[in-house]
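Biologist: I'd like to learn how to read a protein model, one feature at a time. Could you put it up on the screen so we can go through it together?

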Amino acid sequence: PRSTLAMVFASYMRVSDRVGVLQLDDGQSNAFGHQMLREAYDCLVAAEEELGSFGALVVTGNSRVLSSGFDLKVMMQGPDAAKRLINEGAAFIERLVNFPRPVVVGASGHAVALGAFVLLTGDYRIGAESVAGKPLKVGLNETANGMHMPDFFAEGARAVLAPQYLRESVALGLIFDAHRAQTVGFLDEVAPQDKVQEMCVKKAEELAVWCKHPAFRHNKRLCHKPLAERVARGRQEQGDTGELRWLHPPSKL
């Protein structure tokens, strides 16, 4: 078993002249707790410094999961702890939405809740057809878990998903397999699990050349401006009101 005493949950590595990879891997379900979010945020800062005017970024998880969402163990510590974690999550998503170069997100494993939202921030998304022989799971399952989704996260779904599937995705909180997720708008491409990482790097190489700087940054901001503003405003509202409408944790998962 891997020791968690000094384990790194998020890492950034340059894999070519043009492409860097941010990998989320806590050895388990890649739940977004404080350590994961802070390390992932630091990785984004490093990647932006390296790739900010010419490269492209790949974001990926481990072979089991891109991410299972917020760490419910932290959420269950009480409203203050949950609010702090949500604000950190919003800051991470805001930085990802505003990344100045193309972002390719690879789901070699399941992407649920905030993990699915990471897919929504990608400029190009590739998902595995299956995970260990079972269908990929992608979706915003807050409703099934009895959680209130913040409107600033719901806006991410509204901005990216096909409008006719917004009710299924947000209100019903359904979980989709890979091909349905592609139809709904979570994925752009479906691939064999063992090819996802390779295909993500290849697509990132292509986009790094195709997307000229600073035109890409300007045009991406035009696309994401409403979402970026809503994420920033939502984070501020969550911090100011002292109310927590995001989470009512179930007694057990």
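Biologist: Let's start small. Is Ala132 buried or exposed?

Modeller: Exposed: its relative accessible area is 69%, and anything over 50% gets that label. Keep in mind that this is a predicted model. Ala132 sits in the loop between β8 (130-131) and β9 (134-135).

Biologist: What is unusual about the phi of Ala132?

Modeller: Phi is a backbone angle, so look at its sign. For Ala132 the value is near 55°, which is positive in a residue other than glycine. Asn30 also has a positive phi, about 55°, and is not a glycine either.

Biologist: And where is Asn30? Is it buried or exposed?

Modeller: You'll find Asn30 in the loop between β2 and α1. This one is buried, with a relative accessible area of 0%. The cut-off for buried is under 20%.

Biologist: How much of the whole protein is buried?

Modeller: Out of 253 residues, 54% count as buried. For the overall make-up, count 9 helices and 11 strands. You can also ask how far apart in sequence the touching residues are. Among contacts with a separation of 6 or more, 77% are between residues 24 or more positions apart.

Biologist: Let's pick a helix. How far does α1 reach?

Modeller: For a helix, you compare its span with what its residue count predicts. α1 covers residues 34-51, which is 18 residues, and runs 25 Å from first C-alpha to last, close to the expected 26 Å.

Biologist: Which residues of α1 are buried, and what covers them?

Modeller: The buried ones are His34, Met36, Leu37, Glu39, Ala40, Cys43, Leu44, Ala47 and Leu51. Their cover includes the strands β1 (10-14), β2 (19-24) and β3 (56-60), plus the helices α2 (72-75) and α3 (79-97).

Biologist: How do α1 and α3 pack against each other?

Modeller: Check the angle and the distance between axes. Here the angle is about 20° and the axes are 10 Å apart. Angles under 35 degrees count as roughly parallel, so that is how α1 and α3 lie to each other. α1 passes α3 in a left-handed crossing. On the α1 side, the contact is made by His34, Leu37, Arg38, Ala40, Tyr41, Leu44, Val45 and Glu48. On the α3 side, look for Arg84, Leu85, Glu88, Gly89, Ala91, Phe92, Arg95 and Leu96. Sorted by type, that gives 9 nonpolar, 2 polar and 5 charged residues.

Biologist: What about α4 and α5?

Modeller: Same recipe. Helix α4 (residues 114-121) and helix α5 (residues 151-160) meet at about 45°, with axes 10 Å apart. They are therefore oblique to each other, and their crossing is left-handed. Leu114, Phe117 and Leu120 of α4 make the contact with Phe153, Gly156, Ala157 and Val160 of α5. This contact has 6 nonpolar residues, 1 polar and no charged.

Biologist: Which peptide bond is cis?

Modeller: For this you read omega. The bond from His213 to Pro214 is cis, with omega near 5°. Pro214 is in the loop between α8 (196-210) and α9.

Biologist: One last residue: what does His224 touch?

Modeller: First find its place, which is in helix α9 (residues 215-241). His224 is buried, at 13% relative accessible area. Leaving out residues up to four places away in sequence, His224 touches Val97, Thr121 and Asp123.

Methods
Residues are numbered from 1 along each chain as its sequence is written. This is a predicted model: local features need pLDDT of at least 70, side-chain atom pairs count only at pLDDT 80 or more; totals for chains, interfaces and linings use all residues. Side-chain values use heavy atoms; hydrogens and water are left out. Helices (H or I, at least four residues) and strands (E, at least two) are DSSP runs, numbered from the N terminus. The expected span of a helix is 1.5 Å times one less than its number of residues. Buried means under 20% relative accessible area, exposed over 50%, partly exposed in between (1.4 Å probe, protein chains only). Contact means heavy atoms within 4.5 Å. Axes are lines fitted to C-alpha atoms, for helices over the stretch in contact, and angles run from 0 to 180 degrees between N-to-C directions. Angles under 35 degrees count as roughly parallel, over 145 as roughly antiparallel, 65 to 115 as roughly perpendicular and the rest as oblique. A crossing is left-handed if the near helix is turned anticlockwise from the far one by less than a right angle, and right-handed if clockwise. Ala, Val, Leu, Ile, Met, Phe, Trp, Tyr, Cys and Pro count as nonpolar, Asp, Glu, Lys and Arg as charged, and the others, Gly among them, as polar.
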